[in-house]
Amino acid sequence: MADSSPAPEGMSEEGDYPVGEGGEESEKDEGGLTEAQREVLERCLHALKHAKNDSHTLAALLLITRLCPASQLDKPTLRRIFEAVGLNLPARLLVSAVKGSNNSALPPHELLSLGTALLSALSTDPDMASHPQLLTTVPILLEILANGPATRAAEERSEETGQGDDDDDDDEEEDDVETGSSLQNETRKAPGVGAEKSKETSSKLDEAMAADCYQVLSAVCALPKGPDQLLSRGAVPALCLAVLENQTFSQKRGLTLLSCLLSGKTKDKAWSKHSSELLSLLVKLSKDFSQSKDLSRLEMCSQLVNFLPPAGVAGDSEELKAVVKQLWAVLRPLMQAKLTPRQIGSVLVLSACLLDIYGWESVGPPKFCCLLVNRACVEVRMGLEEPPGSSLSAELQDTLTGCYRIMEAAIEQACSPSVTPAESQSSVSALSLQQSRQVLGVLEEAFSAVMFFLQQVDPSRYGDPFIFATFRSLCSWLAEETSCLKEEVTALLPFLVGYSRSHLEGAPSEQGLTEWMAEMSVSDRGGSWSNKEALRYLLPALCHLSAEEGPRKVLLTLDTPSLIVDFLFHGWKALKGKGGAPAVRDPSMETASSVLLNFTVTEPERVRKDPGFRSLEALLSEAFPVLVYKPALLVLAANFCTLGLMMGRLRVTTAADPGQRRFFPAALRFLTSALDSGSSPGPARVSSTWEKSWDEVAELWRLSLQALGGCVQAQPWLAPLIREEDWLTHVLAMLTRCSALPDQHTLEALEEAVCALAGRCPACKRDIEEAVKGNKEGALNCMKNLKKMAGGK
């Protein structure tokens, strides 16, 4: 930059207003400027566009800043200034300051001050804040905030080499070309690198420069993709360092900016990339929290929530466990104090977040656990038992959401009390039987209020995230407890089913729920929201309710089976969409199958006539033959096999349709694969593929064999197919070779299926008779009913 150049046209050497134009008051125009100011502004803009070097540009900008504050400039005017100046100048000023350019007439610190001030002004326009060239300056701004303006060394280099000569036009063009690459080189230096050097070379960051830097970063953060932009440019470690080093404005604006980065979908990314820095910051904040006074502690509760790690990222960090334990130690006396609704709200929300991380492990003695649950339930009752039509404030909704999470954790704790005194002593949070009953009592009262609230919800509010949180909390209770408040639960079924159907069919607010779930940490799998989530939470409750006659009749009137069939179609479509990726078990699809199995067992006439079950048969005939070859999905395959065979026994057909010809051979292969008799005599054992899941699928396998016998009785064409598939041959060979089966129930299930086959197929009966006559010591010899049918003794 030139150090001596004539002032741009239209202004005096001192940079004052032109004579006769700045001393009179005139009417202000729409932009907030007087006519005289507007005329001078136009001259300055002309000077900016025709400036021959940086000195002319800076002189024109200086006059504009003296003419009027930035708040008086409207967006079109700011746009004209931006287009006239561009971002190349402030970017070049920053690079010159950091590199210690010898051809600058200003010391590095003033270059930084000018550059950050220009960027701050320009960033007030969102379009300017999102400009790629402004984004390239972010790492330098972060470095300034983290380590201070490390310019002393650059100043020393400037003093040694002397002041640079005036810039000519060629120098300007060369600087413009090189600025981009220089900034890229500076960008590659992660903020914080050189922190050790900065202790020797940096000076304390002045407030004006710090404010300008934070203004630019805040403007970027406010953009739709701003948090990701900052995260990818090293904002988290830099801001953490600034706070730990107590840099200027770091405790106020630095923590606020970090809180924004950690309060949305970028939280998981930030913790996965910078867990070390964030944990160090959390240690400091928890220490400050424990050392602060009571009123300050209450204010800090809301702040701490955003700095806790996501539940899935916690791991087994001893340092984090110590932090959580320290925070609980501070929260316990607060929970027992007399607090206003707003104060207790922040304490409960922080408690809920701590429970999300390590559960009840470090909460404290059982008495305090009961107190925590009781206070959460009281807040829910007070908050929800309002007259119909009353609106809940956003602050109250956040508090109640935190209470819901405490209640959900309490359900799990109260439903698994310690069995022995030794176990009770081994876990400080283990509840006694009496305490568990007390907790379940207050939970029942709270969920009565929840059901009252949901009864008032209009379908137009189905997209409200708070309604989802309330729905989810109730579902967690219903999954464990459906005997209490049975009439109220049954009366609420139209809402529960209607709400789930609304989301499955594609509610328009899905994206809003996604963002809210990320912000409120309500996703227990860490995955993104999908329109199946609502029904996914309701399914365990439906599994209980569909087994009871009263609720089941209501569910049938609501056409619940077709809703669950649609859910399975969505789930199967998602599985197919993964292609060759490793299969991941989805328990909700297994639970959905169990609900449909309950309907199949208890409502046979509905199954025969309902077209929804015909659609289900088509789905099973397509999906099951594929699942048979996916060991990771064996439990789902067992559910599909049982469901298909149980429905098959209700149909009476004379010939197989294409779907049945796909399903039944796959079912026979699947059932055969469960037991392994080995190559030498001895007891049969569960095959290695099934062994890991045998506790879950054993009953399904036995029920499938019984249903297979029913299918043989109902569908005459099936027995010859079974014989063609060599299923009977395989079973008889195993029964003659092995000395025993895994248990008596397994033997009885196999015997029932083989007897049904013998009763419908003469050829099969002959095969069985030959096997019985030739076997004296195998497991076949233990099947008394089969031996009797075959004519044996």
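**Salt bridges, aromatic pairs and the nonpolar core**

Asp743 and Arg702 are joined by a salt bridge in which the closest N and O atoms are 2.9 Å apart. Asp743 lies in the loop between helix H38 (727-737) and helix H39 (744-760), whereas Arg702 belongs to helix H36 (residues 694-714), so the pair ties together parts that are 41 residues apart in sequence. The two partners fall into separate accessibility classes: Asp743 is partly exposed because its relative accessibility is 24%, while Arg702, at 9% relative accessibility, is buried. The model described here is a predicted one.

In total, 27 salt bridges were found in a search of the whole structure. Side chains of opposite charge can pair when their charged atoms come close. A further example is the salt bridge between the side chains of Arg651 and Glu617, with an N to O distance of 2.9 Å. Arg651 is placed in the loop between helix H33 (634-648) and helix H34 (658-672), and Glu617 in helix H32 (residues 611-627); the pair therefore ties together parts that are 34 residues apart in sequence. With a relative accessible area of 22%, Arg651 is partly exposed. Glu617 is buried, since its relative accessible area of 16% is under the 20% limit for that class. Arg651 and Glu617 also belong to one network, in which salt bridges that share partners join them with Arg614 and Asp657.

The side chains of Arg342 and Glu395 likewise meet in a salt bridge, at 3.1 Å from N to O. This pair links distant parts of the chain, as Arg342 is in helix H19 (residues 341-358) and Glu395 is in helix H21, 53 residues apart. Arg342 counts as exposed because its relative accessibility is 60%, and the limit for that class is over 50%. Glu395, with a relative accessible area of 39%, is partly exposed.

A charged side chain is also placed against an aromatic ring: Lys321 lies over the face of Tyr358, at 5.8 Å from the ring centre.

Aromatic side chains form 16 pairs in the structure. In one of them, Trp328 and Phe368 meet edge-to-face, with 6.2 Å centre to centre and 80° between the planes. Trp328 is in helix H18 (residues 318-335) and Phe368 in helix H20 (residues 366-384), so this pair ties together parts that are 40 residues apart in sequence. Trp328 and Phe368 are both buried. Tyr404 and Phe466 form a stacked pair, with 6.0 Å centre to centre and 25° between the planes. Because Tyr404 lies in helix H21 (residues 394-414) and Phe466 in helix H24 (residues 465-478), the pair ties together parts that are 62 residues apart in sequence. Tyr404 and Phe466 are buried as well. In addition, one aromatic cluster is formed by Phe624, Phe663, Phe664, Phe670, Trp690, Trp694, Trp701 and Trp717.

Trp701 of this cluster is also among the contacts of Leu750. Leaving aside neighbours within four places in sequence, Leu750 is in contact with Leu675, Trp701, Leu705, Trp727, Val731, Met734, Leu735, Leu741 and Met783. The largest nonpolar core has 253 residues, and Trp727, Leu741 and Leu750 are those with the most contacts inside it.

Two further residues illustrate opposite surroundings. Thr266, in helix H16 (residues 266-291), is buried, with a relative accessible area of 7%. Apart from neighbours within four places in sequence, Thr266 is in contact with Pro227, Asp228, Leu231 and Leu261. Glu299, by contrast, is found in helix H17 (residues 294-307) and is exposed, its relative accessible area being 63%. The C-alpha atoms of Glu299 and Gln343 are separated by 8.1 Å, although the two residues are 44 residues apart along the chain.

At the level of the whole chain, the model contains 41 helices and 2 strands. Of the 793 residues in the chain, 52% are buried. Among contacts with a separation of 6 or more, 77% are between residues 24 or more positions apart. The accessible surface of the chain comes to about 35800 Å², and carbon and sulfur atoms account for 51% of that area.

Technical notes:
Residues numbered from 1 in each chain as written. Predicted model: local features only at pLDDT ≥ 70, side-chain atom pairs only at ≥ 80, totals over all residues. Heavy atoms only, no water. Helix = DSSP H or I, 4+ residues; strand = E, 2+ residues; numbered from the N terminus. Buried < 20%, exposed > 50% of the residue type's maximum accessible area, 1.4 Å probe, protein only. Contact = heavy atoms within 4.5 Å. Areas by Shrake-Rupley, 256 points an atom, 1.4 Å probe, with all protein chains shown as cover. Core = buried A, V, L, I, M, F, W, Y, C linked by side-chain atoms within 4.5 Å. Phe/Tyr/Trp six-rings, centres within 6.5 Å; stacked < 30°, edge-to-face > 60°. Lys NZ or Arg CZ within 6 Å of the ring centre and 35° of its normal. Salt bridge = Lys/Arg side-chain N within 4 Å of Asp/Glu carboxyl O.
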